[in-house]
Amino acid sequence: MQRIEANLIATNLKIAIVNTRWNHFIVDRLVEGAETAFVQHGGKREDLTLVTVPGAFELPLVAKKLAESGHYDAVVCLGAVIKGATDHYDFVAGNAASGLARVSLETGVPVAFGILTTDTTEQAIERAGTKAGNKGGEALLAVVETANLLKQLAKHPAG
Ligand code: INI
């Protein structure tokens with residue numbers, strides 16, 4: 001059996017991070033987590049580009065523009081949609097999730113869904129660098145691995 005698995009080496013990858021201004025006190029921590037993970041895995045800070053959108057609903061369109069630009073190996077989308085704070089939670093979170101999945105499939109560029117979807121602000125804080133790790137770092141590493149995997153598949157006879 002041939003196994004194809006990619007590494008988490010971020011050297012030579014160019015990544016766009018898109019973050020939301022909504023819930024910025026939480027999302028800023030996710031951005032820090034993503035940047036730290038990138039550098040810890042060999043990435044160069046100057047190979048990261050940070051783009052800010054108003055809210056999670058706007059992430060897919062801007063992620064699409066960046067993915068289509070040809071400048072980036074991957075796009076990481078970071079945000080927080082908190083149920084307690086909004087009636088239209090399901091629309092915002094649902095459209096962001098399906099929109100980002102579409103962007104990734106339509107462009108062939110890995111797009112990370114680094115959007116916290118929680119019932120409370122406390123739960124979001126827990127996932128943004130306190131009790132439950134940092135989902136920004138996890139999202140970044142998911143696209144590093146996927147971008148490296150795509151490069152490997154392109155070289156492979158079956159790719
Ligand atoms: N956007 C978020 O990113 N998080 C939220 O929790 C949120 N709430 O609570 O409503 C939110 N709403 C704004 C939305 O993403 C759009 O910016 C807005 O609907 C304009 O298109």
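Axes here are lines fitted to C-alpha atoms, for helices over the stretch in contact, and angles run from 0 to 180 degrees between N-to-C directions. With that in hand, let's look at this predicted model.

Helix α3, residues 89–107, lies across β3 and β4, and runs at about 170° to β4. Helix α5 also packs on the sheet, where it touches β1, β3 and β4, and its direction makes about 150° with that of β3.

| Helix | Strand used for the angle | Angle |
|---|---|---|
| α3 | β4 | about 170° |
| α5 | β3 | about 150° |

Now for the sheet itself. It's an open one with four strands in the order β2-β1-β3-β4, and the pairing is parallel. β2 (48–53) and β4 sit at the edges with a single partner strand each, so one side of each has no neighbour in the sheet. From one strand to the next, the twist averages 15°. Between β3 and β4 there are eight bridges in the parallel sense; Val81, for instance, has Thr117 in β4 as its bridge partner.

What about the inside? The largest nonpolar core has 26 residues, and those touching the most other members are Ile15, Ile17, Ile26, Val76, Leu78, Leu116 and Leu140. At least two residues of this core come from each of β1 (15–20), α1 (24–40), β3 (74–82), β4 (111–118) and α5 (135–155). α1 gives the most, with seven residues.

Take Val76: leaving aside residues up to four places away in sequence, Val76 touches Ile15, Ala16, Ile17, Val18, Ala112, Ala139, Leu140 and Val143. There's also a second, separate core of 21 residues, with Val81, Leu100, Val109 and Ile115 among them.

Technical notes. Residues numbered from 1 in each chain as written. Predicted model: local features only at pLDDT ≥ 70, side-chain atom pairs only at ≥ 80, totals over all residues. Heavy atoms only, no water. Core = buried A, V, L, I, M, F, W, Y, C linked by side-chain atoms within 4.5 Å. Buried < 20%, exposed > 50% of the residue type's maximum accessible area, 1.4 Å probe, protein only. Contact = heavy atoms within 4.5 Å. Pairing = 2+ DSSP bridges.
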